[in-house]
Amino acid sequence: MKKQSIYLLMLAAILLMSCKQDSPKYIIGVSQCSVDIWHDWQNAEMKTEANFHEGVELRFADANSDPEVQSKQIDSLVASGINLLIVTPNQLSSSSPAIDRAHDKGIPVIVFERKTESRKYTSFVSADNYEMGHMMGEYIASKLSGKGNIIEVTGPKGSKPAEERYNGFHVAIADYPDIKVVAEIEGDWTEEAAYDGVKKWQGDLNTVDAVFGHNDRSALGARKAFKELNARLPLLCGIDALPGPDGGIHKVAEGQLDASYIYPTRGDELIKLAIAILDGDRYPKETMLSSALVTHDNAMVLQLGSDEVVRMTQNLNKLQDKANGYKQQIATQHTVWILACVSAALLLLSIVLAILYFRKK
């Protein structure tokens, strides 16, 4: 009787183990330095691309612009058992040790936008922030015919993209001695910070001929301040040119911005790169993404293209949600079927054991 009971328990255990969901093939951790429209779009691209790869799970963490929080989140992602880390560092000095720790544990690391202070990364992906700043400087100088006053709304101190955009911009306008930067207002990539900074400026806004925001939200925040103070609107230029109704491409097409520069998010490419690394395929050590200037001349065409991308992405996500729903239904039905089989097996074995018991008596 004892032997039959052991067989019964073993059979039940085997059947219940078969109910277990398949574990993901790859778990990819994503550490973002902050939450904003740009990072939201990039995260959405990563999720959409991950849907095309079987068994890929994404785990996101957002540091809300706090470098210490980001370091802890990177360590937490590593401890959770990820297979690869994608990270956009907030500040290089504070984020590098956590990135190095992940790399030293054998976890491949893709660094996006800002290089770490060491070479402990698997692959680096970025666009040329210096070139963006330089191109915007040339564009503004051309539109002002080489003469005018500029307010520059920068990114936060310690930000590598802000530093590179600043350097590129100032090298470009250095060739135009009659162009003056009358104010450098430090922002934090948000519309609110730019709005407050411009509104508090003590100078005469009506003497300003152009605003260069280090991103589109900074330029839009400056525009809001000019409007509220009934000042003459200057030339308004930013960087990012995201798709979608709230993105920079639409803002240029609508006339709220005069120009922007595409800073590609390419979350889809990050996931493709991550899969290539995990699959053991060949991959580039460094990738520079291409970008382009957006003005009134090409904004409408780019808007039509970006609208189509947004529409297709939304449709794909809806299809994926439906597919996930069907998979969940199938998994539930499978579990119910297994439990029914277990119950039937237990009942049958109980009957057999009862018969054997009474026969022995």
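This tour goes through some aromatic rings, two charged side chains and a pair of packed helices. Please keep in mind that the model is predicted.

Begin with the aromatic side chains, which form four aromatic pairs. Select tryptophan 38 and phenylalanine 112, whose ring centres are 5.8 Å apart and whose planes stand at 35°, so this pair is tilted. Because tryptophan 38 belongs to helix α2 (residues 37-50) and phenylalanine 112 to strand β4 (residues 109-112), the pair ties together parts that are 74 residues apart in sequence. If you switch on the surface, you can look at how these two residues are placed: tryptophan 38 and phenylalanine 112 are both buried.

Next, select tyrosine 121 and phenylalanine 124, another tilted aromatic pair, with 6.2 Å from centre to centre and 55° between the planes; both of these residues are buried as well. Add lysine 285 to the selection, and you will find its charged end over the ring of tyrosine 121, at 4.7 Å from the ring's centre.

Now go back to Trp38 and Phe112 and add Tyr263, since these three residues form one aromatic cluster. Over the face of tyrosine 263 lies arginine 165, at 4.9 Å from the ring centre.

Finally, show α2 together with helix α10 (residues 267-279), which pack at an angle of about 45° with their axes 7 Å apart. With this angle, α2 is oblique to α10, and the crossing of the two helices, α2 and α10, is right-handed. Which residues of α2 and α10 meet? On the α2 side, select Gln42, Glu45, Met46, Glu49 and Ala50, and on the α10 side, Gly267, Asp268, Leu270, Ile271 and Lys272.

Notes: Residues are numbered from 1 along each chain as its sequence is written. This is a predicted model: local features need pLDDT of at least 70, side-chain atom pairs count only at pLDDT 80 or more; totals for chains, interfaces and linings use all residues. Side-chain values use heavy atoms; hydrogens and water are left out. Rings of Phe, Tyr and Trp (its six-membered ring) pair if their centres lie within 6.5 Å; planes under 30 degrees apart count as stacked, over 60 as edge-to-face and the rest as tilted. Helices (H or I, at least four residues) and strands (E, at least two) are DSSP runs, numbered from the N terminus. Buried means under 20% relative accessible area, exposed over 50%, partly exposed in between (1.4 Å probe, protein chains only). A charge sits over a ring if NZ of Lys or CZ of Arg is within 6 Å of the ring centre and within 35 degrees of the ring normal. Axes are lines fitted to C-alpha atoms, for helices over the stretch in contact, and angles run from 0 to 180 degrees between N-to-C directions. Angles under 35 degrees count as roughly parallel, over 145 as roughly antiparallel, 65 to 115 as roughly perpendicular and the rest as oblique. A crossing is left-handed if the near helix is turned anticlockwise from the far one by less than a right angle, and right-handed if clockwise. Contact means heavy atoms within 4.5 Å.
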